[in-house]
Structures are given as structure tokens and as C-alpha cells.
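User: Please take a close look at one part of this model and walk me through how its neighbours are arranged around it.

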Amino acid sequence: MPSELSPRLAAVVDALPLTPRARVLEIGCGPGAAARAVAARLVSGHVLAVDRSARAVAQAVAGSAREIASGRTSVRCVVAEDFVREPGEGSFGLVFAVRVGALDGRHPEAGRRVLQRVAAALAPGGRLFVDGGDLLREIAVRPRPPTEPDGTLGAPGG
């Protein structure tokens, strides 16, 4: 598994407004290269890398053993449209996605569902970035209450 980022992924990571204590969610992490690069910039922050593909998640886990052991990274297999924070898991100040069809306009209905899930996972003032435009574009998402125990979304606009 290559340890270096492609020039495009390196530019994406460079463009993210990361801080050393950031809580970051990467949607569609693939083999985890960008998540590892983000984790390398964190001091006490954390990146949760998610992907719908069990194979991609297995690759991300295998390639991120050091980051996972340090506590700066975790990886989860989940479809973005179904993402819900786990009990006790904090909200995220930064969410990003690269080549995720639900967020780049290729699958608008799925995109609406993902945006609801992102809104429930964002901290107040949290930001969502997707590839497009001049490298990254920010999508305005207003944080909303997390999902209820029965799995339904909280009231819009919470």
C-alpha cells in the first residue's frame, strides 16, 4: 500500500482548515490515505474515516495501524446515508469527502440523506467540504440534533 498521497489528495488535505485538536469525519475514505495524512497533522484531535466498502475499510485499517494505535484515527464500515454517531462519540468540527457520488452531485437523492446525517454529526460551527470547484467547495450545513435512539433523525433545525 503506497505511503505517499497522490498530488490531488495532498492538495485536498492541504486545503482543509485543520487544527491540531480537530475532530474530523472523512466520508468515503477508500484505503485511508487522506485520513492518515490528516491524522499526521493532529496533536490531540481525531479523524473517523468511513466507507461503504468493507474491502476499502479493511485496507484503511491495515494501512493505519499506527494512527489507530495512537488514538488519532478510527475506521468504520458504514454507508454515508446511514451514518450515525456511536454512543459517546463527539460531534465533528470538520467533515470532508472526495469522489463521493452522494455529495458531488452524481446522486442527488442520496446526497440529501447524507446531508441530514452530516448535519446531525456536526458540532456548532462545523464545516463540510467536498471535492469540486477550485479543488474543494464548502457546503453550508446547519448542525442538527443527533439521531434519536430509534434511529430517526432529530427535529430539523434543532
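Analyst: Quick aside on rings: there's one aromatic pair (Phe, Tyr or six-membered Trp ring centres within 6.5 Å; planes under 30 degrees apart are stacked, over 60 edge-to-face, the rest tilted). This is a predicted model, where local features need pLDDT of at least 70 and side-chain atom pairs 80 or more, while totals for chains, interfaces and linings use all residues. Numbering starts from 1 along each chain's sequence, and side-chain values use heavy atoms, without hydrogens or water.

Let's zoom in on β4 (strands are DSSP E runs of at least two residues, helices H or I runs of at least four, numbered from the N terminus). Five of the six residues in β4 are buried (under 20% relative accessible area, 1.4 Å probe, protein chains only; exposed is over 50%, partly exposed in between). On one side, β4 pairs with β1, parallel, over four bridges (pairing takes at least two DSSP bridges). There, A97 of β4 faces I27. β4 also pairs with β5, again parallel, over five bridges, with L94 partnered by R127 of β5. Between β4 and β5 the chain runs through α5 in a right-handed β-α-β crossover (clockwise from first strand over helix to second, strands pointing away from the viewer).

β4 (92-97) also feeds the largest nonpolar core, supplying at least two residues, as do β1, β2, α5 and β5. That core has 23 residues, with L25, I27, F83, V95 and V118 among those with the most contacts inside it (buried Ala, Val, Leu, Ile, Met, Phe, Trp, Tyr and Cys joined through side-chain atoms within 4.5 Å).
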